[in-house]
Every structure is written in structure tokens, then in C-alpha cells.
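I opened this notebook page to record what I looked up in the model and how far I would read each entry.

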Amino acid sequence: MDQISRYCQALKFRYEPPGMCCPLGKVVLLPLLSPPEPLQSLLSGNETNKKVSSMCYYAYRLMIRNNQDNYILRYRQLYHQYVVDMYAKIESERLRFLRFNQVKLRSEDYIHLRDAIIGNKDGNLNTNNIGNAFILPSSYIGSPRNMQEYIQDAMTYVRHYGRPDLFITFTCNPNWEEIQALQKPDQQSIHRHDIVARVFKRKLKSLNDFIL
């Protein structure tokens, strides 16, 4: 890399387009604050005996703190894209762990392969086409076992309390005082989905506590 952008001082190769780092100075991001330990050790490459997952790292980056201005929260649509990209990265990390740790998850105790072979009553099933199944545990949100666990919990409520009498729809109001108070002066609720989601979850928890 022998070229330096005159707009953002980024290092580039000679034949790379001039606007790939910042569209000719149209994007200017202020530097981030130095993170505390052990995040600083991870970024600097220093040895540390503490481990921080991707979710913990990005959760630290997105939090609101007193007397600190988190610049990431000011970037509106760029902030949304950053959150979505990092969420995809976190999910990929989780799936990669589940894929390479099937022995620790005791996936051989699951019976899907056995059920597939036993259910082959007409003899048309080729066991070579079954492939290698990677088991997603119930702790992975959205997996079949996670959904089945929710169904079993719901049936337990019905068996204990009886059939439900109410069907309640709980929606979010972006003009809630809690949401407006946490926004920056030049922001709207569409710019801070993190605040909207956190306030909504808090009020939903209060509603559940009131009903139950």
C-alpha cells in the first residue's frame, strides 16, 4: 500500500479507485474512544487470559454511557447497517461453534437418523442421501428444538391455568417519553431502533408482571 487518501488518510494500493475508502470526503467518522480491558488487549494483540465474544464486544460498542459520546449511535442509516452486519457475524460465529462442537453437544444421542431409517417402510430411502446432520440445540433461538420448547411451555401454562381468555396485542409508540428522552437532539425514533426495542421490551415485561 503506497497511496494515502487525502480525505481520510486511508492506506490504499495504487490502482484502487479514489472513492473506495470514503466517497471523496463525503463520509467523515470521528475516532472511537479507547475500549477498556480486556477489549484493549484483544485489539492490540497483547496476551490476556480473558476471552470476549463478538456479541460482548459489539454490545460494549453500542451502549450508552454518561459523559461519553458514542459516535456510532449518530450515524443513522450507517448505524443500522453496522448493527445488521455485526449481528450476521455473531450468528455465523454461533453456528460455526455448533458445527465443530457436535461431540460436546452429544448430538449422537439424538434420534433423527434412526427415525429416518426406521421410517423407511417402503424401502425407497437411500441412506447415502441422508447426509451429515448438524444438531441445533434448544438454546439456539429459532431452531426446531427451541420452538418445540416454547410449545411445551405454552401447553404447561394451559394445563396449569386453563385455556386463555384474552388475546392481547401490545404495540410500541415511538412517542413514548422514555424513547424521546434518550434520543439525540437531531434524531428521531427511526434512527434509534436499539432504544425502541429496549423500551418496548421493558414495557412488555411490566405488562406480563401485571397480568401474571
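In the protein chain, where is confidence lowest and where is it highest? I found the lowest mean, 55, in helix α4 (residues 112–118) and the highest, 89, in helix α5 (residues 144–161); pLDDT is the predictor's confidence in each residue, from 0 to 100, and helices (H or I, at least four residues) and strands (E, at least two) are DSSP runs numbered from the N terminus. Where pLDDT is low, the predicted coordinates should not be read in detail.

I noted that this is a predicted model, in which local features need pLDDT of at least 70 and side-chain atom pairs count only at pLDDT 80 or more, while totals for chains, interfaces and linings use all residues. Residues are numbered from 1 along each chain as its sequence is written, and side-chain values use heavy atoms, with hydrogens and water left out.

I looked up the layout next: the protein chain has seven helices and two strands, in the order β-β-α-α-α-α-α-α-α.

For burial, I read that 20% of the 212 residues count as buried (under 20% relative accessible area; exposed is over 50%, partly exposed in between, with a 1.4 Å probe and protein chains only).

Methionine 55, in helix α2 (residues 54–62), is partly exposed, at a relative accessible area of 43%. Leaving out residues up to four places away in sequence, I found methionine 55 touching Ile90 and Arg94, where contact means heavy atoms within 4.5 Å. I also noted that methionine 55 and glutamate 93, 38 residues apart in sequence, lie 9.5 Å apart, C-alpha to C-alpha.
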